[in-house]
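Please walk through the main side-chain contacts of this protein. Start with charged pairs, then turn to packing and aromatic rings.

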Amino acid sequence: MIAIDPTAPTEEEHRNKAVTKLRYMQFRELQSSTCSQGFRIEAMKCRGSPPVTDLKKVKSWEEVLHTLDMFLGGREDVRQRLLARLCEIRNKIEQSEYFKTREVIGSSLFIIYDDSKVGVWLIDFAKTNKLPEGKTVNHRTPWVQGNYEEGLLFGFDRFISIIENIRNPHTENKNDGFTKPIPAVSVKS
């Protein structure tokens with residue numbers, strides 16, 4: 001927490017040199033796009049560049065759009081196939097009895113593409129929990145303590161919407177504002 005924002009801990013947290021896990025998780029989510037978009041980008045690797053792993057502060061809709069635009073590298077064919085696969089996964093989750101009765105915490109989308117294929121998988125189910133008997137979730141209702149909603153489909157909806165809004169650089173004005181670097185991003189190799 002201090003590495004991200006030295007002013008974030010309260011006086012008591014500074015004194016104790018500790019924060020609760022819940023407090024840290026909420027702090028981390030507020031620093032990224034998790035609260036506003038329902039997802040955050042953890043890392044990406046673009047052809048010919050080292051991995052970008054410091055995306056903790058990519059927060060606004062515009063920053064997320066720009067980051068995903070960079071990841072897609074102007075590939076309209078990839079964008080279209082990615083959208084189709086994301087919509088397919090979302091539809092399967094919406095129809096699944098399994099997902100209606102499960103709280104999905106910390107799951108991730110793994111996205112990869114090359115010159116001929118686009119792959120998208122929902123991964124990381126270690127913290128997926130079966131709900132108490134008779135409880136169901138829709139994965140879009142805002143979380144309040146005890147309702148088991150985690151926003152899985154809210155995040156899918158927002159992610160799909162952002163991908164839909166990425167403009168094809170071959171047909172758009174090159175001076176559209178999406179050529180500037182992402183703020184607060186460092187590259188680690």
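Glu13 is buried, at 13% relative accessible area; buried means under 20%, exposed over 50%, and partly exposed in between, with a 1.4 Å probe and protein chains only. The model is predicted, so local features need pLDDT of at least 70 and side-chain atom pairs count only at pLDDT 80 or more, while totals for chains, interfaces and linings use all residues. Residues are numbered from 1 along each chain as its sequence is written, and side-chain values use heavy atoms, with hydrogens and water left out.

**Salt bridges**

Glu13 meets Arg23 in a salt bridge, 2.7 Å from N to O. The term stands for a side-chain nitrogen of Lys or Arg within 4 Å of a carboxyl oxygen of Asp or Glu. Arg23 sits in helix α2 (residues 21-31) and Glu13 in helix α1 (residues 11-16), so the bridge ties together parts 10 residues apart in sequence. Helices (H or I, at least four residues) and strands (E, at least two) are DSSP runs, numbered from the N terminus. Unlike buried Glu13, Arg23 is partly exposed, at 25%.

By the salt-bridge rule, the count comes to 14. Two of these pairs lie within helix α5. Asp77 pairs with Arg81 there; the helix spans residues 76-95, and the partners are four residues apart, about one turn. Glu88 and Lys92 are also four residues apart in helix α5. The table gives the three bridges with their distances and the relative accessible areas of the partners.

| Salt bridge | N to O distance | Relative accessible area |
|---|---|---|
| Arg23 and Glu13 | 2.7 Å | Arg23 25%, Glu13 13% |
| Asp77 and Arg81 | 3.4 Å | Asp77 36%, Arg81 33% |
| Glu88 and Lys92 | 3.5 Å | Glu88 35%, Lys92 52% |

Lys92 counts as exposed. Its partner Glu88 is partly exposed. Asp77 is partly exposed, and Arg81 is partly exposed too. Salt bridges that share partners join Asp77 and Arg81 with Arg47, Arg75 and Asp115 into one network.

**The nonpolar core**

Which residues have the most contacts inside the largest nonpolar core? They are Leu68, Leu86, Ile93, Phe156 and Ile163, in a core of 30 residues. Such a core is a set of buried Ala, Val, Leu, Ile, Met, Phe, Trp, Tyr and Cys residues joined through side-chain atoms within 4.5 Å. At least two residues of this core come from each of α4 (61-72), α5, β3 (118-123) and α7. Helix α7 gives the most, with seven residues.

Leu68 touches Ile41, Phe159, Ile162, Ile163 and Ile166, leaving aside residues up to four places away in sequence. Contact here means heavy atoms within 4.5 Å.

Ile160 belongs to helix α7, which covers residues 152-165. Is Ile160 buried or exposed? Ile160 is buried, with a relative accessible area of 2%. Ile160 touches Leu83, Leu86, Cys87 and Arg90, again leaving aside residues up to four places away in sequence. Take Leu86: 74 residues separate Ile160 from Leu86 in sequence, yet their C-alpha atoms are 6.9 Å apart.

**A nonpolar surface patch**

Phe110, Ile112, Trp121 and Ile123 make a nonpolar surface patch of about 350 Å². Patches are made of residues with over 30% relative accessible area and no salt bridge; like charges are joined within 9 Å, and nonpolar side chains (Val, Leu, Ile, Met, Phe, Trp, Tyr) within 5 Å. Accessible areas come from the Shrake-Rupley method with a 1.4 Å probe; for residues, only the protein chains shown count as cover. Strands β2 (108-113) and β3 are the elements that give two or more residues to this patch. Phe110 lies in strand β2. Phe110 is partly exposed, at 39% relative accessibility.

**Aromatic pairs**

How many aromatic pairs does the structure hold? The structure holds six. Rings of Phe, Tyr and Trp (its six-membered ring) pair if their centres lie within 6.5 Å; planes under 30 degrees apart count as stacked, over 60 as edge-to-face, and the rest as tilted.

Tyr98 and Phe99 have ring centres 5.3 Å apart and planes at 85°, so this pair is edge-to-face. Tyr98 is partly exposed, at 38%, whereas Phe99 is buried, at 12%.

Phe99 also pairs with Phe125. Their ring centres are 6.4 Å apart and their planes stand at 55°, so the pair of Phe99 and Phe125 is tilted. Phe99 lies in helix α6 (residues 97-100) and Phe125 in the loop between β3 and β4 (127-130), so the pair ties together parts 26 residues apart in sequence. Phe125 is partly exposed, at 34% relative accessibility. Tyr98, Phe99 and Phe125 form one aromatic cluster.
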